[in-house]
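Please open the model in your viewer and keep the selection tool at hand. We will walk through it stop by stop.

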Amino acid sequence: MKKINRLLKRYIPMMMALVVFVTTYLLIMPAVSMNKDSAEQEPGLTLNESSENNEQEALNEEDTETIDETGDSSISETEKETELSPVLSYPAVSFEETIENFVTVKAEAEEGTFPEGTTMVLTPVEQEEVIDTVKETVEGTVKQIIAVDITFKDINGNEIEPLKQINVTMIAPSIEDTTATEVVHIDNEGNGTLVEQEESAEDEVIFNTDTFSVYVIVGTTIEKTVLASDGLNYRITVTCVEEAGIPENAQLEVTEILQAEESADGTTEFETYVEKTKEALGLESGEFDYVRFFDIRIVDENGEKVQITAPVEVKIELADAEDGKDLSVVHFADGSEEGDKVS
């Protein structure tokens with residue numbers, strides 16, 4: 001009997017431990033083998049989402065660190081392009097282009113204005129395309145138009161504008177005989193604006209701008225400088241008005257009347273005008289200290305005389321006149337026997 005009790009004391013704890021182990025195993029196995037979907041449907045179970053997310057983030061961080069260490073493509077495409085793109089320089093640059101027998105354009109740009117490789121392109125513009133805008137923009141009668149589209153292009157051929165104002169010179173020999181010269185900028189919308197000019201030579205206009213499209217040189221007067229027989233220069237200017245009917249591209253034709261030219265009665269045309277001038281100025285006798293006669297005509301582009309239909313302003317200047325010298329002008333109309341003193 002004592003032997004049986006000893007055996008029971010030895011095996012009962014072992015059997016109890018086995019029961020506990022088997023019971024625990026049977027309870028745990030369903031949870032271990034259960035997937036997420038079946039767990040969500042099982043009553044009494046709650047999933048810990050934050051733990052799952054934290055584990056995924058940790059895995060992502062490990063992957064990123066691994067890519068960084070191996071030098072793989074963790075650098076963005078934008079960063080790559082930035083590293084590969086060359087750094088553009090913006091040097092000071094001078095441009096000069098010419099449309100033969102029309103206009104030459106020069107431009108001076110300081111550093112930081114255009115990218116390296118920029119070019120200037122000139123395209124002539126027909127008068128008919130800009131004449132209405134020009135007439136609306138300038139005062140006086142338009143007598144001459146030189147229109148050109150000025151464009152700047154980068155190394156890839158794209159149109160660009162300067163980052164700063166640049167100095168522009170437009171040279172056109174045909175405006176040399178025009179004193180009242182305006183510059184009109186016509187933007188891409190067709191709007192005209194007068195451009196402020198700098199002092200320049202007779203055959204050019206100079207201005208500063210940072211906007212480019214069509215630029216127009218506009219002449220509203222006709223001018224002629226004549227070297228007379230006395231070796232002096234005379235500047236004759238006609239300011240046109242619309243009512244006078246003077247055509248575009250009209251010019252002044254000036255001829256000096258010389259003393260040696262005799263008429264049929266033995267008197268010279270020069271002497272005849274001298275006497276008529278004395279009468280117009282109210283001089284009874286005596287000689288002039290100074291007298292010159294010019295036949296002034298307005299002619300069209302074919303050289304034909306223009307019959308004006310309204311008065312125009314005429315200005316005659318002795319370019320080499322001495323300061324303080326009193327000068328008078330007398331006008332003799334075609335076919336008139338008398339002269340009129342011009343104020």
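Select Gln197 to begin: in this predicted model, Gln197 stands opposite Phe207 in β10. The strands involved are β9 and β10, which run antiparallel and are joined by two bridges.

Now widen the selection to the sheet around them. Five strands form an open sheet in the order β1-β2-β6-β10-β9, with antiparallel pairing. Which strands stand at the edges? They are β1 and β9 (197-198). Each has a single partner strand, so one side of each is left without a neighbour in the sheet.

**Thr181, a contact of Gln197**

Gln197 also leads to the next stop, since Thr181 counts Gln197 among its contacts. Select Thr181, which is in strand β7 (residues 181-186). Is this residue buried or exposed? Its relative accessible area is 15%, so Thr181 is buried. Beyond its neighbours within four places in sequence, show Ile175, Gln197, Val205, Ile217 and Val218, with which Thr181 is in contact.

**The largest core**

Next, colour the nonpolar residues of the largest core, which has 25 members. Ile150, Phe152 and Met170 have the most contacts inside this core. To see where its residues come from, highlight β1 (93-99), β2, β3, β4 (144-153), β6 (166-171), β10 (204-209) and β11 (214-219), the elements that give two or more residues to the core.

Centre the view on Ile150 and show what surrounds it. Neighbours within four places in sequence aside, Ile150 is in contact with Val105, Met120, Val121, Leu122, Phe212, Ser213 and Tyr215.

**A loop residue at 0%**

From there, go to the loop between β2 (103-109) and β3 (119-124), where you will find Thr113. How accessible is Thr113? Its relative accessibility is 0%, so Thr113 counts as buried. Turn to its side chain: one of its polar atoms lies 2.7 Å from the backbone oxygen of Glu110. Then add Tyr90, Pro162, Leu163, Lys164 and Ile166, the residues in contact with Thr113 once neighbours within four places in sequence are left aside.

**The hairpin and the strand beside it**

Move on to strand β12 (residues 221-227) and strand β13 (residues 233-239), which pair in the antiparallel sense over seven bridges. One pair to pick out is Lys224 with Ile236 in β13, which stand opposite each other. Five residues lie between the strands of this hairpin. Check the backbone at Gly231 in the hairpin: its phi is positive, near 85 degrees.

β13 has a further pairing to look at, with strand β16 (residues 313-318), antiparallel and made of six bridges. Select Thr239 and then find its bridge partner in β16, Glu313.

Ile236 deserves a second click here. Apart from the largest core lies another, of 17 residues, whose members include Ile222, Ala228, Ile236 and Leu318.

**Zooming out**

Finish by showing the whole protein, with its six helices and 18 strands. Of its 343 residues, 28% count as buried. What share of the contacts with a separation of 6 or more comes from residues 24 or more positions apart? The share is 66%. If you switch to a surface view, the protein exposes about 23,400 Å², and carbon and sulfur atoms supply 48% of that area.

Key. Residues numbered from 1 in each chain as written. Predicted model: local features only at pLDDT ≥ 70, side-chain atom pairs only at ≥ 80, totals over all residues. Heavy atoms only, no water. Helix = DSSP H or I, 4+ residues; strand = E, 2+ residues; numbered from the N terminus. Buried < 20%, exposed > 50% of the residue type's maximum accessible area, 1.4 Å probe, protein only. Contact = heavy atoms within 4.5 Å. Areas by Shrake-Rupley, 256 points an atom, 1.4 Å probe, with all protein chains shown as cover. Pairing = 2+ DSSP bridges. Polar contact = N/O pair within 3.5 Å; in protein donor to acceptor, adjacent residues only side chain to side chain. Core = buried A, V, L, I, M, F, W, Y, C linked by side-chain atoms within 4.5 Å.
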